[in-house]
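Hi everyone, thanks for coming. Please have the sequence and the 3D view open while I talk, and stop me whenever you get lost.

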Amino acid sequence: MEFFEDWPRYFEVAINWSDRLLAGLWTTVQLTLFGGILAFVIAITLGLLAGSPNGWLRIPARILIEFFRGISLVVLLFWLMFVLPQIWMRNPDLPFRDLVYNTFLLGVIALGLNYGAYGAEAVRASLTTVASGQWEATTALSMSWPHKMRRVIFPQAWALMLPSLSNLWIHLLKGSAIAYIMPFVSDFTAELNQLRRPTDIWFSHAFVGLVVYFILALILTLFMQALEARAKHKLGRGPSLREILSPAPKAIPTEAPATARSAEPKNMAGPGGPSNSTPAGGVR
Amino acid sequence: MPTPTDAASTQPAEAASFSASDNPVIKFVDVEKRFGDNIVLKDLNFEVAQGERVTLIGPSGSGKTTILRLVMTLEELTGGYIYIDGQPLTHENRDGKRVPVSKKDQKKLRTRIGMVFQQFNLFPNMTVLQNIIEAPIHVLGQSQKDAIAKAHSLLEQVGLPDKADAHPSSLSGGQQQRVAIARALAMDPEILLLDEVTSALDPEVVDDVLNILRQVADTTNVTMLIVTHEMGFARDVSHKVMMFDGGHVVEEGHPDKIFTNPEQERTRKFLSAVLGH
């Protein structure tokens, strides 16, 4: 078949463009990291406020969560990229001018707000999932709200919220591909798209894109699973970090792409090597 | 379990001296608790004197545990007043108006109250020692050194001197409950609330836990409000037993009298059911 005979040639084109692709990849990694950090801070802050017994804190937090969770990321980006600058164009004396024209920063903010609002729900839900007996024990010991939250409730909720946060971070990674609509920001998807247009060879680019996003997602997953194993170990559940190196499949985020789900256990067996081939429950 | 008739009375003679005229440590005035339309407690009035140990008995759903939870402020009081050492715990009566007390006053009052739960509720993210010293250091402001020394002596008292660095998940239920008792005692409570503390335990370790509580009762002057199904224990340690049914006090009195010669038919029926004769 002609299609398969041409494969090497297709990939040659992709390799020739590797500088641009790597630059795009670096942008995607930065968007994912900075967006993830901002989303995390927003998720924790809004999640704690939304779980507060004080209505003056809870209700504004709820409004923010519902708003940023409900709006489309693409529309939010359009507002930040194209509507916001109009205001500054007409009023050049307004402050934060540099910020408004920094499209990368706006992209990070959009990702952080959108996914942070989702994360806030995960944080709030995890806090309410901590056993009521734990809350009652802290009351019986007269702990203040910040004290019980910091020392007792949050460390337990942390183990519960990590799978959801892991899920959201992978969503954010893939959501960062929307950056290709942003002016002056060329992320990995944007570079792939650039490469597709003049060469008319779509297959290799699409394939490279598939694999690269999958590997990035896999790295995030492994990192978050390590955090989760550590958090659970601290609560006296599950052995230790060793568990993530075992070949038994762990709960994979349900909304992860099918490719990630089927390939995951195989890849996880890799770094473990033969010495770690005991099943997850194996005590050593 | 010792039956009411054969148990030698260990009641201290001064039991009779507890009376309403003593300054009550806990005072319920017209207490009402409802969950929605469901009235659990109504027009409840009783007093517990300094150092007095009162056991609440009765069928499940009679409101016993709710009383403990109201004292610990785990439930919201929907009517009436609770006084701790003469001070209003949740609401005060100001010229006939029911006014909530300040959160600050409530918190201050609450540090005098300790509670041990049916499900232990140890903090799984902390070691045994950290569980015990957390509140004394951060709530009462004790020094780390004092709190640790006290924790070790309490662990000795509950028979777990070598478990300070263990995690709760590695302990048996009986051991966890003993740590929970040590944790409550580390706060030096004036009032100790015991909510069915042996109900979740294997039968063979129930006596261990009860013996520790007997010892606490013998060696300290802490006021205790106890909900239990262990009638032998109730008879040994309490100065007064209150029989509840449907949110009302059916009968109250000295344990010897309640357990051997109850006045009310309802009490007699309940006791014969739980004692199995």
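I'll go through chain A, then chain B, and finish with the place where they touch. Please keep in mind that this is a predicted model.

Let's start with chain A. How many helices and strands does chain A have? There are 12 helices and zero strands. If you walk along from the N terminus, you simply read α-α-α-α-α-α-α-α-α-α-α-α. Chain A has 284 residues, and 33% of them count as buried. Now look at its contacts with a separation of 6 or more: 75% of those in chain A join residues that are 24 or more positions apart.

How do we talk about helices that pack together? Two packed helices are described by the angle between their axes and the distance between the axes. Let's try that on helix H3 of chain A, residues 18-50, with two partners.

The first partner I'll show is helix H7 of chain A, residues 103-129. H3(A) and H7(A) pack at an angle of about 40°, and their axes are 6 Å apart. What do we call that arrangement of H3(A) and H7(A)? The word is oblique, because angles under 35 degrees would count as roughly parallel, and this pair is at about 40°. The crossing of H3(A) and H7(A) is right-handed. Sorted by class, their contact has 21 nonpolar residues, six polar ones and one charged one.

The other partner is helix H9 of chain A, residues 145-175. Here the axes of H3(A) and H9(A) come within 11 Å and cross at roughly 140°. H3(A) and H9(A) are therefore oblique to each other, and their crossing is right-handed. If you'd like to find the contact on screen, H3(A) brings Thr32(A), Gly35(A), Gly36(A), Ala39(A) and Leu48(A). From H9(A), look for Met149(A), Trp169(A), Leu172(A) and Leu173(A). By class, the contact of H3(A) with H9(A) has six nonpolar residues, three polar and no charged ones.

Now over to chain B, where we meet strands. A quick reminder: strands of a sheet pair through backbone hydrogen bonds, either parallel or antiparallel.

Chain B has an open sheet of six strands, in the order E8-E9-E10-E3-E11-E12, and the pairing is mixed. Which strands sit at the edges of this sheet? They are E8(B) and E12(B), the latter covering residues 248-253, and each pairs on one side only. From one strand to the next, the twist averages 20°. Helix H5 of chain B, residues 173-185, packs on the sheet and touches E8 and E9 of chain B. The direction of H5(B) makes about 175° with that of E8(B).

Let's zoom in on one pair in that sheet. Strand E11 of chain B, residues 240-245, runs antiparallel to E12(B), with five bridges joining them. One residue to click on is Phe244(B), whose bridge partner in E12(B) is Val249(B).

There is also a hairpin to look at. Strands E6 (residues 91-94) and E7 (residues 97-100) of chain B are antiparallel and joined by four bridges. Asn93(B), for example, has Arg98(B) as its bridge partner in E7(B). Two residues lie between E6(B) and E7(B), and in the turn Asp95(B) has a positive phi of about 55°.

Where else can we find a positive phi in a residue that is not a glycine? Thr73(B) has one, of about 60°, and sits in the loop between helix H1 (64-71) and strand E4 (79-84) of chain B. Thr73(B) has 19 C-beta neighbours inside 10 Å, so it counts as partly exposed.

For contrast in setting, go to Phe233(B), in helix H7 of chain B, residues 231-237. Is Phe233(B) buried or exposed? It counts as buried because it has 25 C-beta neighbours inside 10 Å. Leaving aside residues up to four places away in sequence, Phe233(B) touches Leu210(B) and Thr228(B).

Last stop: the contact between the chains. Chain B puts in 23 residues and chain A 18. On the chain B side, the elements that give two or more residues are helix H2 (103-110), strand E8 (113-116) and helix H3 (128-138). H3(B) gives the most, with three residues. By class, the chain B side divides into 10 nonpolar, 10 polar and three charged residues.

That's my tour, so over to you for questions.

Definitions and conventions
Residues are numbered from 1 along each chain as its sequence is written. Chains are lettered from A and ligands numbered from 1 in the order in which they are written. This is a predicted model: local features need pLDDT of at least 70, side-chain atom pairs count only at pLDDT 80 or more; totals for chains, interfaces and linings use all residues. A residue is buried if 20 or more other C-beta atoms lie within 10 Å of its own, exposed if 12 or fewer, and partly exposed in between; C-beta atoms are placed from the backbone. Two residues are in contact if their C-beta atoms, placed from the backbone, lie within 7 Å. Two strands pair if DSSP finds at least two bridges between them. Ala, Val, Leu, Ile, Met, Phe, Trp, Tyr, Cys and Pro count as nonpolar, Asp, Glu, Lys and Arg as charged, and the others, Gly among them, as polar. Axes are lines fitted to C-alpha atoms, for helices over the stretch in contact, and angles run from 0 to 180 degrees between N-to-C directions. A crossing is left-handed if the near helix is turned anticlockwise from the far one by less than a right angle, and right-handed if clockwise. Angles under 35 degrees count as roughly parallel, over 145 as roughly antiparallel, 65 to 115 as roughly perpendicular and the rest as oblique.
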